[in-house]
Amino acid sequence: MKQAMDSLGQSMQASLSSMAGLSVPSEQLQAIQQEYLQQATELWNAALQHPDQIKASDRRFAAPEWNSQPGSAFMASMYLLNSRTLQKLADQLQGNEKARQRVRFAVQQWADAASPSNFLAFNPEAIKKAVETKGESLQQGLQHLLHDIRQGHMSQTDESVFEVGKNVATTEGAVVFENPFFQLIEYKPLTAKVHETPFLFVPPCINKYYILDLQPDNSLVRYLLEQGHRVFMVSWVNADESLAKATWDDYIESGVIKAIDTTRDITGADQINALGFCVGGTLLASALATLAAKGRKPVASLTLLTTFLDFGDTGIMDVFVDEAMVRLREMTLGPSSPQGGGLMKGSELAATFSFLRANDLVWNYVVGNYLKGEMPPPFDLLYWNSDSTNLPGPMYTWYLRNTYLENNLCKPGAVTVCGEPLDLSLLDMPVFVYGSREDHIVPWQSAYASTQLLSGPVTFVLGASGHIAGVINPPAKKKRSHWVTGASVRQLPATADAWMASASEQAGSWWPVWSAWLSEHAGGTVNAPRQLGSKSHPAMESAPGRYVLRKA
């Protein structure tokens, strides 16, 4: 313990030293100061001479009340000027790159929090509504605040509208296997014939699986069933104290590998097709490389959606991870903690991800829910987003150290998983890699980096929008676009930017591109099974099963 504490102290001291070493070159500082004084003077003169012409150009101040009141418009405009100036100063900092990223992130967080729209006394729209409703909006806002405190998270949608198994996660199926880590769901086929190679979804374990099966019109599960596939889904358990000491190896062996073997056993197939989404893709690729090291190749094709394998560029997430942070987690939640483990609370993970887009996922709801007393509209994706899950501490800390901190997974033999040195180049099956262009969790360039690690033919497709909205993009809605080249990994450039230069934009969803690719690796067709499961793995309960209903 003393050695761990000494190491933690040294890491924290190094972090503080790097922060102290930051500075803004005098020339840039002087230029920013002069620009600020000039713009502030112009704004002040405009406020004195033509106050009705001041307009705050930001969607937080789009309501007419902001620009119809000169005082509010001036205050909002001055805030925007201050925010821009602070960001310019942060961008000009010289010194340690991680320290620079942290200062920029902290400045952005402060600027977002300090917006006058977030405070009742400065928000003319909220004040007007309070007057018009004779204080009822404030009463409703207080009730919303108390409700959110009781439920342990901020409401981003009207959660009362949704119920898992009733109007989300409704695709018909049955649980055909379970162990302490997951339930395996088999879905009822929607076609008389199905492809002979079954399909397995491995979703992220940091959220519930039903992001892939929200409602019938945007369910990737249902879409795949309609394309004639026999579909299975891993439904990870929401970890409790009974799994507080579970490790990464446990999730690989008793989770992903067990799901693959059970799917093969139920269907009688030698090989299956498999998809991993986000952390599910990292787990799936790790499991398949582990199996390949043992001479086993149970997967015919692999799909990776917004997945890290190379953690060299983790985007904004990098600001949270350093040796001191990881060591602290290991000492409190990891196998070296006094209890030998613990739980990483889902609420903490959810809050971290929300503050990556604080204006959209935090302050927007502070204003709407609490200051204006409004109930956010029902939105299935945000309902799922609020349904967080806990993770076992040892598993979580192993993941942090070997991915975000040390980036070991992409280095052959740098880490051992289930007793085997991990080498992702052993994955020689056809692979479909998808990235989202505006993804703030897995930058698309990092998703592309997976194409350089695998030895089989790889197809890369880039979709519009972000980490979730880019993935859940059903063709029938005719929204967004995607970029393709149609080339395999042997022709793909070494960098994402070079790939983008040769790609062409196509209207609509990327799902049909993937479906056509998948059908090439799904074999012929056979009669759909008359019942779900098998004699050795009979249906245990109807989908969505008990595990997905467990709250964090």
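**Reading a predicted model: patch, helix, backbone, salt bridges**

Me: Which residues make the nonpolar surface patch of about 310 Å²?

Reply: Leu120, Ile127, Val131 and Leu138 make it. Patches are built from residues with over 30% relative accessible area and no salt bridge; like charges are joined within 9 Å, nonpolar side chains (Val, Leu, Ile, Met, Phe, Trp, Tyr) within 5 Å. Accessible areas come from the Shrake-Rupley method with a 1.4 Å probe, and for residues only the protein chains shown count as cover. This is a predicted model: local features need pLDDT of at least 70, side-chain atom pairs count only at pLDDT 80 or more, and totals for chains, interfaces and linings use all residues. Residues are numbered from 1 along each chain as its sequence is written, and side-chain values use heavy atoms, with hydrogens and water left out.

Me: Where is Leu138 found, and is it buried or exposed?

Reply: Leu138 is found in helix α7 (residues 136-151). Helices (H or I, at least four residues) and strands (E, at least two) are DSSP runs, numbered from the N terminus. Leu138 counts as partly exposed, at 33% relative accessibility. The classes are buried (under 20% relative accessible area), exposed (over 50%) and partly exposed in between, with a 1.4 Å probe and protein chains only.

Me: What does the span of helix α13 show?

Reply: Compare the span with that of a straight helix: the expected value is 1.5 Å times one less than the number of residues. For 14 residues that gives 20 Å, but α13 (residues 358-371) spans only 17 Å between its end C-alpha atoms. Look at Asn364: a kink of about 30° in α13 is centred there. The bend at a residue is the angle between axes fitted to the seven residues ending there and the seven starting there.

Me: Why is α13 largely enclosed by the rest of the structure?

Reply: Because 11 of its 14 residues are buried. Trp363, Tyr365 and Tyr370 are among them. The buried residues of α13 pack against α5 (97-113), α6 (124-132), α7, α12 (346-355) and α14 (380-386). Contact here means heavy atoms within 4.5 Å. Gly373 follows α13, with a positive phi near 70°.

Me: Which backbone features should I look at next?

Reply: Start with positive phi in residues other than glycine. Asn407 has a phi of about 50°. Asn407 lies in the loop between α15 (393-405) and β10 (416-417), and is buried at 14% relative accessibility. Ser465 has a phi near 75°. Its loop runs between β13 (458-463) and β14 (481-484); Ser465 is buried too, at 18%. Then turn to omega: a cis peptide bond joins Ala543 and Pro544, with omega about 15°.

Me: How many salt bridges does a search of the whole structure find?

Reply: Side chains of opposite charge can pair when their charged atoms come close. The cut-off is a side-chain nitrogen of Lys or Arg within 4 Å of a carboxyl oxygen of Asp or Glu. The search finds 30. One of them joins Arg102 and Asp322 at 2.8 Å, N to O. Arg102 sits in α5 and Asp322 in the loop between β7 (299-305) and α11 (323-332), 220 residues apart.

Me: What does the pair of Lys372 and Glu125 tie together?

Reply: Their side chains meet at 3.2 Å, N to O. Lys372 lies in the loop between α13 and α14 and Glu125 in α6, so the pair ties together parts 247 residues apart in sequence. Lys372 is buried, at 11%; Glu125 is partly exposed, at 23%.
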